[in-house]
Amino acid sequence: MSVRVAAPAKVNLSLRVLGRREDGFHEIRTLFQALDLGDELRVSRGGRGVSLEVRGPDLGPTEKNLAYRAAELFFEAFGETQGVHIELTKWIPAGAGMGGGSSDAAAVLRALSWLSPFPPPPGELMRLGAKLGSDVPFFLGASPLAQGTGRGEILTPYRALPAADVVLALPGVHMSTPEAYEALGRGAWVPADHAVPVGREGAPSDWEGVLAGLVNDFQPVVMEAHPEVERSLRALAEAGASGALLSGSGAASFGFFPDRATTERVADELTLELGWPFVAARTLTQWPGPKRDVSADPRDAASRVPRESDRRSDGT
């Protein structure tokens, strides 16, 4: 049995670094938003063990890939003996601050849960996801719009806002999260909980409020380290973005525009002007669910009753 599942990218609509914790991690407060741009996976049960086939950029050893590790962790946790083969098509750039590896891991956990005769409760998947990375629980959460606290793994889901159009800037430079935190510590950054009071924000009610609160504590140090990021943000602003921001610890950035036609035009123009990709995307209003892979086994597909979670984010 096989399923196909999307692994959406995310951006951070806000990201405040509150301070360093005793365990060495940093306490953050962030607002996650998932996008319709993402990786694609086909997950097939059968055989023994875990195998992974990646189409796209070389991401290093298979055993370190988060999609592979997610499958191993699932089997270890729930004692299943039947193996899995994962086909992963990469579209989310690595090291862009868009959660590609974390989303892949969450997609594998969702798919294996869906394929399991005894699916684990959502809370168990979240627990496994947190072991794989701080962003993974967001991609397993109830909403594509959520506040993250702690390391980002403690979630407050919010009602999704209407779909909004964005242009993503993907300059191809990379700054790892540890490097970004190190640069933050060397600079003039003051922990946000010392600079201004940061309490539990209320649920965003409209995009106007979100745009008024766009902030990312990493943006100054990433722009200093990589001029391409500063040029991307300046270009988005000059093209008319109603708000532009770095995502995560970079190096992708994004800007909001009024409609799809505008984002496609701006993305094409800025790609030609700056020489690196700018891509039109849209915010998600609900998570895409697994799709039965009819091409793999039509008899199996016909025998299953469609689930609500099979429906795409556009309702089809």
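This passage describes local packing around two buried residues, one helix pair and one cis peptide bond in a predicted model. Residues are numbered from 1 along each chain as its sequence is written. In this predicted model, local features need pLDDT of at least 70, side-chain atom pairs count only at pLDDT 80 or more, totals for chains, interfaces and linings use all residues, and side-chain values use heavy atoms, with hydrogens and water left out.

Ser143 sits in the loop between α4 (136-140) and β5 (145-149). Helices (H or I, at least four residues) and strands (E, at least two) are DSSP runs, numbered from the N terminus. The relative accessible area of Ser143 is 8%, so the residue is buried. Buried means under 20% relative accessible area, exposed over 50%, and partly exposed in between (1.4 Å probe, protein chains only). A polar atom of the Ser143 side chain lies 2.5 Å from the backbone oxygen of Tyr158. The backbone oxygen of Leu145 is 3.1 Å from a polar atom of this side chain. Polar contacts are pairs of N or O atoms within 3.5 Å; within protein, one must be able to donate a hydrogen and the other to accept it, and residues adjacent in sequence count only if both atoms are side-chain atoms. Residues up to four places away in sequence aside, Ser143 touches Phe138, Pro157, Tyr158, Ala160 and Trp287. Contact means heavy atoms within 4.5 Å.

His226 occupies the loop between α8 (219-225) and α9 (227-238). Its relative accessible area is 16%, so His226 is buried. Beyond neighbours within four places in sequence, His226 contacts Val173, His174 and Met175. The His226 side chain reaches the backbone oxygen of His174 at 3.4 Å. Met175 is 51 residues from His226 along the chain, with 8.6 Å between their C-alpha atoms.

Helices α2 (residues 100-115) and α3 (residues 122-132) pack at about 150°, with axes 10 Å apart. Axes are lines fitted to C-alpha atoms, for helices over the stretch in contact, and angles run from 0 to 180 degrees between N-to-C directions. The two helices are therefore roughly antiparallel, a term for angles over 145 degrees. From α2, Ala105, Leu109 and Ser113 meet Leu125, Leu128, Gly129 and Leu132 of α3. By class, this contact has five nonpolar, two polar and no charged residues.

The peptide bond from Gly250 to Ala251 is cis, with omega near 20°. Most peptide bonds are trans. Ala251 lies in the loop between β9 (244-246) and β10 (253-257).

How values were computed. Angles under 35 degrees count as roughly parallel, over 145 as roughly antiparallel, 65 to 115 as roughly perpendicular and the rest as oblique. Ala, Val, Leu, Ile, Met, Phe, Trp, Tyr, Cys and Pro count as nonpolar, Asp, Glu, Lys and Arg as charged, and the others, Gly among them, as polar.
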